[in-house]
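I opened the notebook for a slow read through one chain. Mostly I wanted to look up aromatic rings, surface exposure and charged pairs.

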Amino acid sequence: TDEKINVIETIDIFKTKRWWKSVVLGETTFEGRTRKSVSVYLWQWKDGQWKRIHKLKESSREDWEKTKAAVDKLVAKL
């Protein structure tokens, strides 16, 4: 099933006719518990609608710091 997200804020990274990348601050409720998360989405325009191709979701600052450190380490080698 699709997760229902209450969108709090979004920041578009880019949007073209075929591709859209955005960062979303949202919250979900499951079994009475509400949790905030930050997700990076990549959508593709296909068959007359936006379809999600990729999603990276971080639910804690600790998880984000680990992901960011790994990305920063590799980006430095570009």
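Below are my entries, in the order I made them.

**Entry: what I am looking at**

I am working from a predicted model.

**Entry: tryptophan 19**

I began with tryptophan 19, which sits in strand 2, residues 19-30. Is this tryptophan buried or exposed? Neither label fits: I get 31% relative accessibility for tryptophan 19, so I filed it as partly exposed.

Next I checked what tryptophan 19 touches. Leaving out residues up to four places away in sequence, I listed Phe14, Leu42, Trp43, Gln44, Trp50 and Ile53. I looked up one of these contacts by backbone as well: the C-alpha atoms of tryptophan 19 and tryptophan 43 are 5.8 Å apart, with their positions 24 residues apart in sequence.

**Entry: the nonpolar patch**

Tryptophan 19 came up again when I turned to the surface. Together with Ile11, Ile13, Phe14 and Ile53, Trp19 makes a nonpolar surface patch of about 440 Å². Which strand gives the most to this patch? I found strand 1, residues 6-15, with three residues.

I also looked up isoleucine 53, a patch member that I place in strand 4, residues 49-58. Isoleucine 53 has a relative accessible area of 36%, so I wrote it down as partly exposed.

**Entry: aromatic pairs**

How many aromatic pairs does the structure hold? I noted four. One of them joins tryptophan 20 and tryptophan 50: the ring centres are 5.3 Å apart and the planes meet at 65°, so I called the pair edge-to-face. The cut-off for that label is over 60 degrees. This pair links distant parts of the chain, as tryptophan 20 is in strand 2 and tryptophan 50 is in strand 4, 30 residues apart.

I then looked up how covered these two are. Tryptophan 20 counts as buried because its relative accessibility is 19%, and buried means under 20%. Tryptophan 50 comes out at 26% and therefore goes down as partly exposed.

Tryptophan 50 has another partner on my page, tryptophan 45. Their ring centres are 5.3 Å apart and their planes are at 70°, so I have this pair as edge-to-face too. Tryptophan 45 is partly exposed, at 37% relative accessible area.

Stepping back, I see one aromatic cluster formed by Trp20, Tyr41, Trp43, Trp45 and Trp50. I also caught a charge at one of these rings: lysine 15 lies over the face of tryptophan 20, at 3.9 Å from the ring centre.

**Entry: serine 39**

For a polar residue under cover I picked serine 39, in strand 3. With a relative accessible area of 4%, serine 39 is buried. Not counting residues up to four places away in sequence, I have serine 39 touching Ser22, Val23, Val24, Lys55, Leu56 and Lys57.

**Entry: positive phi values**

I went looking for positive phi in residues other than glycine. Glutamate 31 has a phi of about 50° and is in the loop between strand 2 and strand 3. I get 73% relative accessibility for glutamate 31, so it counts as exposed.

Aspartate 47 also went on the list, with phi near 55°. I find aspartate 47 in the loop between strand 3 and strand 4, exposed at a relative accessible area of 65%.

**Entry: salt bridges**

How many salt bridges does the structure hold? My list has three.

Aspartate 47 returns here, as its side chain meets that of lysine 51 in a salt bridge at 3.4 Å, N to O. Lysine 51 counts as partly exposed, with 30% relative accessibility.

Glutamate 62 and lysine 66 form a salt bridge at 3.5 Å, N to O. Both belong to helix 1, residues 61-75, and are four residues apart, which means a separation of about one helical turn. I noted glutamate 62 as exposed, and lysine 66 as well.

Lysine 68 and aspartate 72 meet at 2.8 Å, N to O. These two lie in helix 1 as well, four residues apart, about one turn of the helix. I have lysine 68 as partly exposed at 33% relative accessible area, and aspartate 72 as partly exposed at 39% relative accessibility.

Notes
Residues numbered from 1 in each chain as written. Predicted model: local features only at pLDDT ≥ 70, side-chain atom pairs only at ≥ 80, totals over all residues. Heavy atoms only, no water. Buried < 20%, exposed > 50% of the residue type's maximum accessible area, 1.4 Å probe, protein only. Contact = heavy atoms within 4.5 Å. Patch = residues over 30% accessible without salt bridge, like charges linked within 9 Å, V, L, I, M, F, W, Y side chains within 5 Å. Areas by Shrake-Rupley, 256 points an atom, 1.4 Å probe, with all protein chains shown as cover. Salt bridge = Lys/Arg side-chain N within 4 Å of Asp/Glu carboxyl O. Phe/Tyr/Trp six-rings, centres within 6.5 Å; stacked < 30°, edge-to-face > 60°. Lys NZ or Arg CZ within 6 Å of the ring centre and 35° of its normal.
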